[in-house]
Amino acid sequence: MAQINCTVTNCYFNNRQGCTAPSIEVDGKKAEKSRLTSCNTFIEQKPGIRSSVSEPKSDTEIKCEAVKCIYNKSEHCDASDILVNGRNASVPEETCCSTFRD
């Protein structure tokens with residue numbers, strides 16, 4: 001479990017650049033670079049929808065399909081913290097796990 005730093009400020013789960021989701025799923029089965037990964041937990045914050053008011057978690061479970069990443073251990077991330085990027089994303093594919101390393 002890891003702490004998630006997130007620059008996707010328009011995500012429902014983003015609170016002060018921290019993640020409030022109980023777990024996230026990183027996609028990228030065929031990824032060889034971070035830009036080919038994505039945070040499938042992303043939900044775009046839309047007008048009229050209340051964003052998460054929970055506090056960011058420091059022990060979020062990260063399910064990871066990026067099997068070529070050195071931090072992937074049996075489809076779970078074992079990095080102590082990760083960075084999710086994707087300013088102004090509108091779909092999960094516009095986000096990425098910048099911690100990905102091959």
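Is Glu 32 buried, exposed or partly exposed? Glu 32 is partly exposed, with a relative accessible area of 47%; the classes are buried under 20% relative accessible area, exposed over 50% and partly exposed in between, with a 1.4 Å probe and protein chains only.

1. Basis. This is a predicted model, in which local features need pLDDT of at least 70 and side-chain atom pairs count only at pLDDT 80 or more, while totals for chains, interfaces and linings use all residues. Residues are numbered from 1 along each chain as its sequence is written, and side-chain values use heavy atoms, with hydrogens and water left out.

2. Strand E4. Helices (H or I, at least four residues) and strands (E, at least two) are DSSP runs, numbered from the N terminus. In E4, residues 23–27, the covered face consists of Ile 24 and Val 26. Ser 23, Glu 25 and Asp 27 make up the uncovered face. In a regular strand the side chains alternate between the two faces of the sheet.

3. Partners of E4. Two strands count as paired if DSSP finds at least two bridges between them. E4 runs parallel to E6 (residues 61–64), and four bridges join the two. In this pairing Glu 25 is opposite Lys 63 of E6. With E5 (residues 38–39) the sense is antiparallel, over two bridges. Here Asp 27 of E4 faces Ser 38.

4. The loop between E2 and E3. Arg 16 sits in the loop between strand E2 (14–15) and strand E3 (18–19), and Gln 17 lies in that loop as well. Both residues have a positive phi without being glycine: the value is near 55 degrees for Arg 16 and near 60 degrees for Gln 17. Arg 16 is exposed at 61% relative accessible area, whereas Gln 17 is partly exposed at 39%.

5. Salt bridges. The criterion is a side-chain nitrogen of Lys or Arg within 4 Å of a carboxyl oxygen of Asp or Glu. Three salt bridges satisfy this rule. Side chains of opposite charge can pair when their charged atoms come close.

6. Arg 16 and Glu 55. These two residues form a salt bridge in which the closest N and O atoms are 2.6 Å apart. The pair links distant parts of the chain, since Arg 16 is in the loop between E2 and E3 and Glu 55 in the loop between E5 and E6, 39 residues apart. Glu 55 is partly exposed, at 47% relative accessibility.

7. Glu 32 and Lys 68. The side chains of this pair meet in a salt bridge with an N to O distance of 3.0 Å. Again distant parts of the chain are linked: Glu 32 belongs to the loop between E4 and E5, and Lys 68 to the loop between E6 and strand E7 (72–73), 36 residues apart. Lys 68 is partly exposed at 41%.

8. Lys 46 and Glu 44. A salt bridge joins these side chains at 3.9 Å, N to O. Lys 46 is partly exposed, with a relative accessible area of 43%, and Glu 44 is also partly exposed, at 25%.

9. Cysteines. The structure has zero disulfides, a disulfide being a pair of cysteine sulfur atoms within 2.5 Å. For Cys 77, the nearest cysteine sulfur is that of Cys 64, 6.1 Å away. Why is Cys 97 not bonded to Cys 77? The sulfur of Cys 77 is the closest cysteine sulfur to that of Cys 97, but at 6.2 Å it is too far for a bond. Cys 77 is buried at 13% relative accessible area, and Cys 97 is buried at 9%.
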